[in-house]
Amino acid sequence: MQTIIARSLDSLKKNLNKVKKSKKIGLIPTMGSLHDGHLALIKKSKKLKFFTVVTIFVNPLQFNNKNDFKKYPLQEKKDIDIIKKNNVDLVFIPKKQQIYPHGFSTYLKEINHSNILCGQFRTNHFSGVLTVVFKLFVLIQPYSAFFGEKDFQQLFLIKKMVKDLHLEVKIISVPTVRDSNGLALSSRNKLLDDKYLKIASSIYKIFKNSKFKNYKNTKSLITYLKKRLINSGIVDIEYIEIRKSKNLEKAIILNNREKLRVFIAAYLKGVRLIDNYKIN
Ligand code: AMP
């Protein structure tokens with residue numbers, strides 16, 4: 001079947017009305033510049049035989065930095081080719097005015113886990129994410145929506161929103177897809193040249209080769225990790241923290257009683273990289 005390209009709310013609605021009764025919808029929200037990480041989400045939805053809807057929308061609400069928004073990589077034509085090649089059923093590419101019409105002033109905000117990790121440094125970022133994802137849920141009414149573990153705090157907050165607001169959609173997560181050097185795939189990686197991509201991949205290499213069991217507390221582990229990262233050229237570290245996977249609480253002691261993850265955000269050549277890694 002041919003991929004339907006919907007660029008307006010009307011076209012989206014008309015096309016979804018035709019399939020809603022007979023098929024379950026799988027939604028993959030993206031900001032475009034598609035890579036194999038996005039494809040893993042698409043493939044999972046296709047495998048589950050869902051009518052697969054990909055959205056491409058660089059959501060201005062979730063950018064706290066104008067320059068980051070301006071230089072966010074766009075490649076619509078290439079994305080549409082990728083989408084067609086992967087038999088996506090419908091791609092929705094709205095304009096800003098359709099999502100946020102003139103006078104728009106209603107936002108979603110989570111108040112307990114949105115000001116830590118990325119949220120601490122990106123004011124209102126997660127409010128922007130939740131607002132747009134909620135809108136897409138309302139417009140598309142998916143049975144399932146797919147999100148990557150690469151953005152673990154985002155995944156956590158979307159699951160929380162679904163629970164807190166009694167939404168019907170089932171959230172399915174997909175492990176982080178990495179390149180051959182271990183670097184987590186990200187649209188922003190397109191802004192780095194080979195030299196910096198190699199430096200960026202040391203984040204994963206350091207995590208993978210660390211003997212987490214040798215450390216009793218998170219403070220000494222973080223000191224060690226920071227030192228190794230800086231020696232590898234990752235000098236501009238925004239945060240590196242160890243938190244519990246189930247509630248994102250900060251971990252002090254390292255033991256096997258609770259599942260922990262190390263979370264990092266760092267800048268390389270002005271490009272913001274994030275990653276997270278399960279440590280037990
Ligand atoms: P983005 O286009 O960056 O907003 O990402 C759209 C979706 O793809 C989000 O659910 C991301 O978590 C997911 N995603 C991005 N990069 C990866 C990756 N390397 N592996 C798995 N999922 C990813």
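His 35 sits in the loop that runs between β2 and α2. The model shown here is a prediction. This briefing starts from that loop, then turns to the ligand, the open pocket, the closed cavities and a few single residues. The ligand has a shell of 17 residues, and the protein covers 94% of the 480 Å² of accessible area that the ligand has on its own. The largest pocket has a volume of about 350 Å³.

**The loop between β2 and α2**

- His 35 has a relative accessibility of 16%, so it counts as buried; the cut-off for buried is under 20%.
- The C-alpha atom of His 35 is 7.1 Å from the C-alpha atom of Leu 185, although 150 residues separate the two along the chain.
- Leu 185 also belongs to the ligand's surroundings, as one of the closest residues.
- Gly 32 is found in the loop between β2 and α2 as well.
- Gly 32 is buried, because its relative accessible area is 1% and buried means under 20%.
- Gly 32 and Phe 57 are 25 residues apart along the chain, and their C-alpha atoms are separated by 6.9 Å.

**The ligand and its shell**

- Of the 17 residues that surround the ligand, the closest are Met 31, His 38, Asp 151, Val 177 and Leu 185.
- The side chain of Asp 151 places an N or O atom 2.6 Å from an oxygen atom of the ligand.
- Val 177 approaches with its backbone: an N or O atom there lies 2.8 Å from a nitrogen atom of the ligand.
- Leu 185 has a polar backbone atom 2.8 Å from a nitrogen atom of the ligand.
- With the protein around it, 94% of the ligand's own accessible area of 480 Å² is covered.
- Three elements each supply at least two residues of the shell: β2 (25-30), α2 (36-47) and β5 (144-148).
- Helix α2 gives the largest share of the shell, 3 residues.
- By class, the shell holds 8 nonpolar, 7 polar and 2 charged residues.

**The largest pocket**

- The volume of the largest pocket is about 350 Å³.
- Its lining is made of 20 residues, and those nearest the centre of the pocket are Val 58, Leu 74, Glu 76, Ile 93 and Pro 94.
- Helices α3 (66-70) and α4 (76-85) are the elements that give two or more residues to this lining.
- The lining of the largest pocket divides into 11 nonpolar, 3 polar and 6 charged residues.

**Closed cavities**

- Rolling a probe the size of a water molecule over the atoms shows where empty space is left.
- How many cavities of 30 Å³ or more are there? The count comes to 2.
- The second largest cavity has a volume of about 50 Å³.
- Residues that line the second largest cavity include Lys 109, Glu 110, Arg 122, Asn 124, His 125 and Phe 126.
- Helix α7 (residues 125-140) gives the most to the lining of this second largest cavity, with 3 residues.
- Polar residues number 6 in that lining, next to 3 charged and 1 nonpolar.

**A buried arginine**

- Arg 188 lies in the loop between β6 (170-174) and α9 (194-200).
- Is Arg 188 buried or exposed? Its relative accessibility is 13%, so it counts as buried, the limit being under 20%.
- The side chain of Arg 188 makes a polar contact with the side chain of Asp 68, at 2.9 Å.

**Two asparagines with positive phi**

- Most residues other than glycine have a negative phi.
- Asn 87 has a positive phi of about 55°, although it is not a glycine.
- Asn 87 is in the loop between α4 and β4 (90-92).
- At 45% relative accessibility, Asn 87 counts as partly exposed.
- Asn 124 is not a glycine either, and its phi is positive, near 65°.
- The loop between α6 (117-121) and α7 holds Asn 124.
- Asn 124 has a relative accessibility of 45%, so it counts as partly exposed.
- Asn 124 is also one of the residues that line the second largest cavity.

Key
Residues are numbered from 1 along each chain as its sequence is written. This is a predicted model: local features need pLDDT of at least 70, side-chain atom pairs count only at pLDDT 80 or more; totals for chains, interfaces and linings use all residues. Side-chain values use heavy atoms; hydrogens and water are left out. On a 1 Å grid over the protein atoms alone, a cavity is a set of points where a 1.4 Å probe fits but cannot get out, and a pocket is an open set with protein on both sides within 12 Å along at least five of seven lines; lining residues have an atom within 4 Å of a point. Grid points are joined across faces, edges and corners, and a volume is the space filled by probe spheres set on the points. Helices (H or I, at least four residues) and strands (E, at least two) are DSSP runs, numbered from the N terminus. Ala, Val, Leu, Ile, Met, Phe, Trp, Tyr, Cys and Pro count as nonpolar, Asp, Glu, Lys and Arg as charged, and the others, Gly among them, as polar. A residue is near a molecule or strand if one of its heavy atoms lies within 4 Å of it. A polar contact is a pair of N or O atoms within 3.5 Å; within protein, one must be able to donate a hydrogen and the other to accept it, and residues adjacent in sequence count only if both atoms are side-chain atoms. Accessible areas come from the Shrake-Rupley method with a 1.4 Å probe; for residues, only the protein chains shown count as cover. Buried means under 20% relative accessible area, exposed over 50%, partly exposed in between (1.4 Å probe, protein chains only).
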